[in-house]
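Please open the model in your viewer and have the selection tool ready, since this tour moves from one selection to the next. At each stop, take a moment to look before reading on.

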Amino acid sequence: MDASPGAVPDDAPTAAPPTAGMRLRDVEPGDLDAYVRMRCDPTVMAELGGPQPRERMPAQLRRDLETVRDGSAWIKMIVTGGSAQVAGTVTVYSHGGVSEIGWMVVPEFQGRGLAGRAVRAVLALARADGRWGLIHAFPATTNAASNAICRSVGFALVGEEQTEFAGRLFRTNHWVVDPSAGAAGSSAEGPGGDVPPA
């Protein structure tokens, strides 16, 4: 699905201007509040079957930290401007021989282009790294914003299919991109814009 763990810490985001910079960093042990704000939020999870139980978040964070440590996934937190505020996340991981990317942005930071810029930056990292091969995305067919991101960063639409996320089945669009082809940089904004990965 076009989602992954992460969110903003409990200190509510201020009204930063839409053009504020951002950076990416790996998920950290202190990101539990961010996970709760993201995965337990009914707005963020509206396209993914609704909010997840808060009590599951510590175990989810521990699992995610382990996958980052062992190199089997990238879980990048989107951090705004010069602050430590987490606005969302982009994840790349492999399952069943398929590399999948997903992203989330909390409501306070939606509509600013952060997800698209972060996805471009992660695809540029994947191009440099070379380990992921073709990268797939599976946004719900009703998720107009995530489908637009796929289109804008150079994914090709394969078709529609049923996809499982958190034990639920969804009708999704199946998108695919080859990072080595440089498609992520086809936008005028370039790969990642002003998003230095941390």
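The tour below begins with the whole chain and then visits some of its parts in turn.

**The whole chain.** Keep in mind from the start that this is a predicted model. Colour the protein chain by secondary structure and you should be able to find four helices and seven strands, which, if you travel from the N terminus on, come in the order β-α-α-β-β-β-α-β-α-β-β. Of the 198 residues of the chain, 49% count as buried. Among the contacts with a separation of 6 or more, 70% are accounted for by residues 24 or more positions apart.

**Helix α1 and Leu 32.** Now select residues 32-39, which make up helix α1, and pick out Leu 32 within that helix. Is Leu 32 buried or exposed? Its relative accessible area is 30%, and because this value lies between the limits of 20% for buried and 50% for exposed, Leu 32 is called partly exposed. If you leave aside the neighbours within four places in sequence, you will find Leu 32 in contact with Met 57, Pro 58 and Leu 61. Draw a distance from Leu 32 to Pro 58: although they are 26 residues apart along the chain, their C-alpha atoms are separated by 6.5 Å.

**Strands β2, β3 and β4.** Next, select strand β3, residues 86-95, where seven of the 10 residues are buried, so that this strand is largely enclosed by the rest of the structure. On one pairing, β3 is joined by seven bridges to strand β2 (residues 73-80), and the two run antiparallel; here Val 79 has Val 86 of β3 as its bridge partner. Strand β3 is also joined to β4, again antiparallel, by eight bridges, and in this pairing you can see Val 90 standing opposite Trp 103 of β4. Follow the chain from β3 into β4 and you pass through a hairpin with two residues between the strands, where Gly 96 takes a positive phi near 55°.

**Helix α3.** Move on to residues 114-129, which form helix α3, and show the distance between its end C-alpha atoms. The 16 residues should span 22 Å at 1.5 Å a residue, and the end C-alpha atoms are indeed 22 Å apart, so the expected and the modelled spans agree. The buried residues of α3 include Leu 114, Arg 117, Arg 120 and Ala 126. Just after α3 comes Gly 130, whose phi is positive, near 80°.

**The second largest pocket.** Turn on a surface and look for the second largest pocket, which has a volume of about 390 Å³. Of the 21 residues that line this pocket, the closest to its centre are Val 105, Gln 110, Asn 143, Ala 145 and Ser 146. The elements that give two or more residues to the lining are β4 (98-105), α3 and α4 (144-152). Coloured by type, the lining residues divide into 11 nonpolar, seven polar and three charged.

**Strands β5, β6 and β7.** Finally, select strand β7, residues 168-177, which is mostly covered, with seven of its 10 residues buried. Three bridges join β7 to strand β5 (residues 135-137), running antiparallel, and there Ala 137 stands opposite Trp 175. Strand β6 (residues 156-165) is joined to β7 by nine bridges, also antiparallel, with Glu 164 having Leu 169 as its bridge partner. These two strands, β6 and β7, form a hairpin with two residues between them, and Ala 166 in the turn has a positive phi of about 50°.

Key. Residues numbered from 1 in each chain as written. Predicted model: local features only at pLDDT ≥ 70, side-chain atom pairs only at ≥ 80, totals over all residues. Heavy atoms only, no water. Buried < 20%, exposed > 50% of the residue type's maximum accessible area, 1.4 Å probe, protein only. Pairing = 2+ DSSP bridges. Expected span 1.5 Å × (residues − 1). 1 Å grid on protein atoms, 1.4 Å probe; cavity = no way out; pocket = protein on both sides within 12 Å on 5 of 7 lines; lining within 4 Å. Points joined across faces, edges and corners; volume = space filled by probe spheres on them. Nonpolar A, V, L, I, M, F, W, Y, C, P; charged D, E, K, R; others polar. Contact = heavy atoms within 4.5 Å.
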